[in-house]
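Here's a quick briefing to read with the model open beside you. Have a look around first, then use the notes below as a guide.

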There are 2 protein chains.
Amino acid sequence: MKRGRPTIEQVAALAGVSRGTASRVVNDEPYVSAAARAAVLKAVRELGYVPNQAARSLVTRTHETVALVVSGEADDPRLSEDPFFAEVIVGINAVLAETDLELMLMLGANERARTRLLRRLRSGQLDGVMLLALPGADPLCRLAEESGAPTVYGGRTMDGEPRYFVDADNRGGARKAVEHLLVQGRQRIVTITGPVDNEVTHARLSGCLDALGGGADPVVMHADFLESGGYQAMQSLLHAHPDLDAVFAQSDNMAAGALRALREAGRRVPDDVAVVGFDDLPWARHTAPPLTTVNQPIRAMGSEMARMLVALLGGGEPTSLILPTRLVLRESA
Amino acid sequence: MKRGRPTIEQVAALAGVSRGTASRVVNDEPYVSAAARAAVLKAVRELGYVPNQAARSLVTRTHETVALVVSGEADDPRLSEDPFFAEVIVGINAVLAETDLELMLMLGANERARTRLLRRLRSGQLDGVMLLALPGADPLCRLAEESGAPTVYGGRTMDGEPRYFVDADNRGGARKAVEHLLVQGRQRIVTITGPVDNEVTHARLSGCLDALGGGADPVVMHADFLESGGYQAMQSLLHAHPDLDAVFAQSDNMAAGALRALREAGRRVPDDVAVVGFDDLPWARHTAPPLTTVNQPIRAMGSEMARMLVALLGGGEPTSLILPTRLVLRESA
DNA sequence: GTCGTCTCTGGGAGCGCTTCCAAAGTTAGG
DNA sequence: CCTAACTTTGGAAGCGCTCCCAGAGACGAC
C-alpha cells in the first residue's frame, strides 16, 4: 500500500479531506478551515510527505532553480588561480539561501556545453540564468536571452551593455590607483593589462588613461591576468624602460609576478619602483612588501546578481548596478 | 495552435505517427522503422522540439542531476582563500560534461540548508550526491545516505570510512614531507596543524609521526589552515622553541604565514629554518623563497568523485580511491 | 423568508511524458 | 498454406500535482 514515497493523495486520505484541500494546505493558500489545515499538516508530518517537484513543475512551469553559467574554457586558470569564482558563488549562495531557489552550475563555453545549457533552459528546468562572462564577447549571452529566461550578467560584455548586469567600477578603481601613484610623485608609470579582447582590461585601461590625462604616451604591456604573465611583462618592461618607477598591474596575480621580477632584478619596492595591483585577493596583504591594490567587492557582486535575478523572477524591474571599488593602501606603493 | 513550446504530440502529428512512436524515436529505442524514425527526427528539427524534463522525470523518476554538497559554514574562509573548492568543481565538471548530468551546488551546513537538501533529495530531483566534507564530522553524511540516493564522499569523515569515497593520501604525503626534513639533517622539527576536529589534520599528523618514529616528543601546534593562523602559530613556536630548525605546516596557507613570521623574526629560510607546506597551491612556487610542499591532485579528486557517482548511477560498484600525493621540492626546504 | 456574498470543499481535467498491451503486419519454417 | 516467431504501431493508462469550477454551508441584509 505504502510503496515508495507518499503522495498528496495519501496525505489527503489520512487527513480525511480531498486532494484539492490537501494541496491548498501544502501551498499555504487561503480558504481552508483551521480544522482541515491542522489535519493535513498532521498527516504530512506523519507520512513525511515532500511534494514531488517534477509533478509540480509540470503544471506550474516553475522549477525553483536558477543557473550560474560561467562561460570561458572549463579549465580556464582564472577559475582556480584566483578565488573570484568561488567568492561569487558564496555571494550568490548567501542570497539564494534565503529563497527556495537552488543553484545549478554550468561551466564551459564549448559547443557541447552551450547545447546543454540551451536544452536545459528550453526543456524548462531553469527559471533564470546568471552569466559570468570571463572572456570578452560570447554568443552564449544572446542564446540565454533568446530563450526568454530572465538573465542577469556579472560584468559587462565587449558588445554593449546588457539589460541587467552587476559590475565593479573597474574604471574608477584603476583611475584611483594611478592617481595615487601620480600623487606620490611617480614619473614613469607603466601598466600591465589583461588580454586585449577582455572588457575588464579595457575598463581598467580607461581608468588608467583617465588619471594619466593626455600627457606623454602611456606605456602599456598586454598580458593575461596571471602571475606568470605579470612576471614576464615586468621583465620586458624593465628591459625596455629601465627608468620606470611605478607599475600598475591590472590584477593582483600579475602584480605578484611583477614583484617577483623586480626582486630578481634587484629593484626595491616601493623605494625604486612602486607597485599597485587590482582585486585585493586575500593574500595581497601577505606579499613582500604587502601589496597596495584596488579592492572590488566580489562577494557582493555575487549577492547582487542573485538579488537582481530574484527580483526579475518576482516580476520586478531591477536596475543594473556598478559596485564601488576602493584603493587599499599597503606598502608596495 | 503552436502555443508555447512544442510537445511530443505535435511532433508526432507533424511526422504522421503516434505519440508512442515519436517517444521511441526521441529516446532512441529499437522497434521503430527507418521511415518513421526519419519522419520524427525531421519533425523534431523543424519544431525545435526539446522534451520537457519535468514530465519525463515524473514517469521515469530520474532527473539527470546530481548535487555537490559542501558542508561547513557557507562563508568558510577556506572556500575562497584557497582554490580547493573551485578545483574540485572543475574536476567534477570535466567528467559530468561527458554525460548528460547537470550539477547542482549546495553550500552551507546549517539547519536550513540541510532541510533544503533533504527536501530536494526526497522530492526526487537529485539522482545522486557528492559530499565534500570540510569540517570533521557532520550529520549531513548520514542524512544523504538515509535518503537512499547514491552518495560519494570527498575526503573521509572523523566517524569512520564511508562506503564510497575519494581521498588524497594525506598521511603518506605528510610522511614524505617530514622524512625529507629528516634527511636534510633537521633536528628540531615542529608541526603546525589544522583544527583538531578535522580528519585531514589527523591524517597529516599521523604521517608526520610515522616519519618521526617514536623519538622525542614531537612539537605540535594546532591552528586553522589559514595564513593568519600559520603566522600566529609560528610566532608562538619561535617563542617557545627558539632553536627550531624546520617547520612542517599542514597547509600552504599556514606555510605562507610561517614564512612571514620567520622573515619578521629575522630567520633565514631555508638556511636557519626549513619550511614545508601541503597542498601545492598555484602560488606556492612564487613565495619567497619558493615553497617546498606536498602536491595533492585536487582536480583529479573532483573527477574521480564524479566518475564514481556516474558508475554508481549506472548500477556499478566502484571502489574507493586514495589518490597519491607527492613532495614538490623547491627552495624553502 | 429570500437573496446575495463569502468561505470552504470535492472532484474533474489536464500538464507532457513513458510504458504497457494488444493488434496488425512481416518473415521464415514446416 | 498454416503457424510461430519477430517487428512495428497506435492508443490507453497513469506518474503526482495544481487549477478551476460547481456546489454546499454560513451569514448577514433586506
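For the overlay of the two chains, copies are superposed by least squares on the C-alpha atoms of residues with pLDDT of at least 70 in both. Keep in mind that this is a predicted model. Chain B lands on chain A with an RMSD of 0.1 Å after a rotation of 180 degrees and 0.1 Å of shift along the axis. The two copies are thus related as by a two-fold rotation axis. Both copies use the same surface, as 100% of the contact residues of chain B recur in chain A.

**DNA strand D**

- There are 27 residues surrounding DNA strand D, and the closest are Ile8(A), Ser23(A), Tyr49(A), Ser33(B) and Arg61(B).
- Sugar and phosphate make up 69% of the atoms of DNA strand D that come within 4 Å of the protein.
- On the chain A side, a backbone N or O atom of Ile8(A) sits 2.3 Å from a phosphate oxygen of DNA strand D, while an N or O atom in the side chain of Ser23(A) is 2.7 Å from a phosphate oxygen of that strand.
- Chain B joins in through Ser18(B), where a polar backbone atom is 2.8 Å from a phosphate oxygen of DNA strand D.
- Helices α2 (19–26) and α4 (53–60) of chain A, along with α2 (19–26) and α4 (53–60) of chain B, each supply at least two residues of the surface near this strand.
- The largest share of that surface comes from α4(A), with five residues.
- Sorted by class, the surface near DNA strand D has twelve nonpolar, eight polar and seven charged residues.

**DNA strand C**

- Of the 28 residues around DNA strand C, the ones that come nearest are Ser33(A), Arg61(A), Ile8(B), Ser23(B) and Tyr49(B).
- Sugar or phosphate accounts for 66% of the atoms of DNA strand C within 4 Å of the protein, and bases supply the rest.
- Which side chains have polar atoms facing a base oxygen of DNA strand C? Arg19(A) has a polar side-chain atom 3.0 Å from a base oxygen, and Arg19(B) has a side-chain N or O atom 3.5 Å from a base oxygen.
- The elements giving two or more residues to the surface near DNA strand C are α2 and α4 of chain A together with α2 and α4 of chain B.
- Here α4(B) gives the most, with five residues.
- For the backbone of the strand, look at Ser18(A): a polar backbone atom of this residue is 2.8 Å from a phosphate oxygen of DNA strand C.
- By class, the surface near DNA strand C has twelve nonpolar, nine polar and seven charged residues.

**Core and buried residues**

- The largest nonpolar core has 60 residues, and Leu68(A), Met130(A), Leu68(B) and Met130(B) touch the most other members.
- Beyond four places away in sequence, Leu68(B) touches a set of residues including Ile89(B), Ile92(B), Leu103(B), Met130(B), Leu132(B) and Met305(B).
- Is Ser57(A) buried or exposed? With 5% relative accessibility, Ser57(A) counts as buried.
- Ser57(A) is in helix α4 of chain A, and, leaving out residues up to four places away in sequence, touches Thr62(A), His63(A) and Ala54(B).
- His180(A), in helix α9 (residues 170–183) of chain A, counts as buried at 12% relative accessibility.
- Apart from neighbours within four places in sequence, His180(A) contacts Leu327(A), Leu329(A) and Ala333(A); a polar atom of the His180(A) side chain lies 3.3 Å from the backbone oxygen of Ala333(A).
- The C-alpha atoms of His180(A) and Leu68(A) are 36 Å apart, with the two positions 112 residues apart along the chain.

**Backbone oddities**

- Val269(A) and Pro270(A) are joined by a cis peptide bond, with omega about 5 degrees; Pro270(A) is in the loop between α12 (252–264) and β9 (274–279) of chain A.
- Another cis peptide bond links Ala288(B) and Pro289(B), with omega about -10 degrees, and Pro289(B) lies in the loop between β9 (274–279) and β10 (292–295) of chain B.
- Asp279(A), in strand β9 of chain A, has a positive phi near 130 degrees despite not being glycine, and counts as buried at 3% relative accessibility.
- Asp279(B), in strand β9 of chain B, also has phi near 130 degrees and counts as buried at 4% relative accessibility.

Conventions. Residues are numbered from 1 along each chain as its sequence is written. Chains are lettered from A and ligands numbered from 1 in the order in which they are written. This is a predicted model: local features need pLDDT of at least 70, side-chain atom pairs count only at pLDDT 80 or more; totals for chains, interfaces and linings use all residues. Side-chain values use heavy atoms; hydrogens and water are left out. A nonpolar core is a set of buried Ala, Val, Leu, Ile, Met, Phe, Trp, Tyr and Cys residues joined through side-chain atoms within 4.5 Å. Buried means under 20% relative accessible area, exposed over 50%, partly exposed in between (1.4 Å probe, protein chains only). Contact means heavy atoms within 4.5 Å. A residue is near a molecule or strand if one of its heavy atoms lies within 4 Å of it. A polar contact is a pair of N or O atoms within 3.5 Å; within protein, one must be able to donate a hydrogen and the other to accept it, and residues adjacent in sequence count only if both atoms are side-chain atoms. Helices (H or I, at least four residues) and strands (E, at least two) are DSSP runs, numbered from the N terminus. Ala, Val, Leu, Ile, Met, Phe, Trp, Tyr, Cys and Pro count as nonpolar, Asp, Glu, Lys and Arg as charged, and the others, Gly among them, as polar.
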